[in-house]
Amino acid sequence: MKNVTDSFVSLGHWPSAGSFGFNTDILATNPINLSVVLGVLNDLLDNRKQRILRTIRNSEELRGGAIEKLEKAKARLRKVKMEADEFRVNGYSEIEREKLNLINSTYQNLERLENYKNETIQFEQQRAINQVRQRVFQQALQGALGTLNSCLNNELHLRTISANIGIFGAMKEITD
């Protein structure tokens, strides 16, 4: 068993034993593999699109909630303005400060939500791109292995073994 293993291991060391390689050009490989890859990519992209759309919908719902809070804040602002008119003499500057703080905090909340939505979309897009790249690489590798395995037939094996036996015989004559 060791001799058989040695003969296969030594194949890589002798250029006259024949050569073969991997075809890494995806377009030159089997069209069926390409159609499978495109189908898988299409499914991946559709799934990613649905996730992104859900994220956008969730962000829009959050945005809607923020707008509702903004409307409440505006209503409260109107109420504060009315009270300000009543208490203008005693506390006009403090009410004005409260109003500005309320507006600023509401706009900051809206800006944070918008930033979060944009970051989530960018993250999901990058993750989708990375998954597609990984799938393409896997499919290309599987296609190359399939092509390689389909090229290895009995005749090639017998020629490789004969070539190795001839090389070993020549090596033995040289060392003797």
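**View 1. F137, L141 and L145 make a nonpolar patch on the surface.** Together they offer about 290 Å² of accessible area (Shrake-Rupley method, 1.4 Å probe, with only the protein chains shown counting as cover for residues). To join a patch like this, nonpolar side chains (Val, Leu, Ile, Met, Phe, Trp, Tyr) must sit within 5 Å, and each residue needs over 30% relative accessible area and no salt bridge (a side-chain nitrogen of Lys or Arg within 4 Å of a carboxyl oxygen of Asp or Glu). This is a predicted model, so local features need pLDDT of at least 70, side-chain atom pairs count only at pLDDT 80 or more, and totals for chains, interfaces and linings use all residues. Residues are numbered from 1 along each chain as its sequence is written, and side-chain values use heavy atoms, leaving out hydrogens and water.

**View 2. Here's L145, part of helix α3 (residues 88-151).** Helices are DSSP runs of H or I, at least four residues, numbered from the N terminus. L145 counts as partly exposed because its relative accessibility is 37%, between buried (under 20%) and exposed (over 50%), with a 1.4 Å probe and protein chains only.

**View 3. Now for the second largest cavity, with a volume of about 40 Å³.** A cavity is a set of points on a 1 Å grid, over the protein atoms alone, where a 1.4 Å probe fits but cannot get out; the volume is the space filled by probe spheres set on points joined across faces, edges and corners. S59, L62, L113, E114, Y116 and K117 line this cavity, each having an atom within 4 Å of a point. Helix α3 gives the most to this lining, with 4 residues.

Methods
Patch = residues over 30% accessible without salt bridge, like charges linked within 9 Å, V, L, I, M, F, W, Y side chains within 5 Å. Helix = DSSP H or I, 4+ residues; strand = E, 2+ residues; numbered from the N terminus. 1 Å grid on protein atoms, 1.4 Å probe; cavity = no way out; pocket = protein on both sides within 12 Å on 5 of 7 lines; lining within 4 Å.
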